[in-house]
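Work through the exercises below with the model open. Try each task before reading its solution.

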Amino acid sequence: MAKAIKRIKKEIPTPEQEQSQAITDIIAALANNREAIMSTIGIIKHLQDMGILDALNGLLEKRTDVGVIAIQQINQPSMHNTIKNGMNTFKFLGQLNPDQLQIILSGVSRGFEKFGEKIDKNEKASLWKLGTSIQNEEVRKSLVTMLGFLEGMGEVFQGDKRELH
């Protein structure tokens, strides 16, 4: 029969052994993640070259003063409106159909191009020319689109029972 174990000898590593094991683990992690670490070092080098790290360091050193200034700026009434407007803008953009928005923005861009061409040619717009431009298919499509836009806006205003002044 085996002898009963009366005493368990637990080996507790010395601080030097713990430090040696930690260094070994770090070196192994560095070796296993060489590409990621080299990329990170490259990014940090670029940030240093651009002066961003110095700016961040200064910001961190003066974080209390910067925090006080930031809070003072945020507490201004105009900033409250800016924040609300920003939130409403993001809400509005979230409601838009991206395909429709792309069509509208492309149309606006092309409209600015045509606008520039007319200015470069220094064309004068007579009442006769304005009247005959309605026969142009592109002009009619734009007018119908704008009327639809105005109709939709009016529906919202009517639903809210208020007008913007």
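Three exercises on this predicted model follow.

**Exercise 1. Overall form**

Task: State the secondary structure content of the protein, and compare its radius of gyration with that of a compact globule.

Solution:
- Count the elements: the protein has 8 helices and 0 strands.
- Take the globule value: a compact globule of 165 residues would come near 15 Å. The protein has 34 Å.
- Check the extents: the C-alpha trace spans about 115 × 50 × 45 Å along its principal axes.
- Check burial, with under 20% relative accessible area as the cut-off. Of the 165 residues, 0% count as buried.

**Exercise 2. Helix α8**

Task: Test the span of α8 against its residue count, then describe what lies at its ends.

Solution:
- Expected span: α8 has 24 residues, and at 1.5 Å a residue it should span 34 Å.
- Model span: the end C-alpha atoms of α8 are 35 Å apart, which agrees.
- N-terminal end: N136 caps α8, with a side-chain oxygen 2.9 Å from the backbone nitrogen of E138.
- After the helix: K161 follows α8 and has a positive phi, near 55°.

**Exercise 3. The largest pocket**

Task: Give the volume of the largest pocket and break down its lining.

Solution:
- Volume: the largest pocket holds about 1,600 Å³ of space.
- Centre: 31 residues line this pocket, and G107, V108, S142, T145 and M146 are the closest to its centre.
- Sources: α5, α6, α7 and α8 each supply at least two lining residues. The largest share, 11 residues, comes from α6.
- Chemistry: the lining divides into 12 nonpolar, 10 polar and 9 charged residues.

Methods. Residues are numbered from 1 along each chain as its sequence is written. This is a predicted model: local features need pLDDT of at least 70, side-chain atom pairs count only at pLDDT 80 or more; totals for chains, interfaces and linings use all residues. Side-chain values use heavy atoms; hydrogens and water are left out. On a 1 Å grid over the protein atoms alone, a cavity is a set of points where a 1.4 Å probe fits but cannot get out, and a pocket is an open set with protein on both sides within 12 Å along at least five of seven lines; lining residues have an atom within 4 Å of a point. Grid points are joined across faces, edges and corners, and a volume is the space filled by probe spheres set on the points. Helices (H or I, at least four residues) and strands (E, at least two) are DSSP runs, numbered from the N terminus. Ala, Val, Leu, Ile, Met, Phe, Trp, Tyr, Cys and Pro count as nonpolar, Asp, Glu, Lys and Arg as charged, and the others, Gly among them, as polar. The expected span of a helix is 1.5 Å times one less than its number of residues. A polar contact is a pair of N or O atoms within 3.5 Å; within protein, one must be able to donate a hydrogen and the other to accept it, and residues adjacent in sequence count only if both atoms are side-chain atoms. The radius of gyration is taken over C-alpha atoms; the globule rule is 2.2 Å times the number of residues to the power 0.38. Buried means under 20% relative accessible area, exposed over 50%, partly exposed in between (1.4 Å probe, protein chains only).
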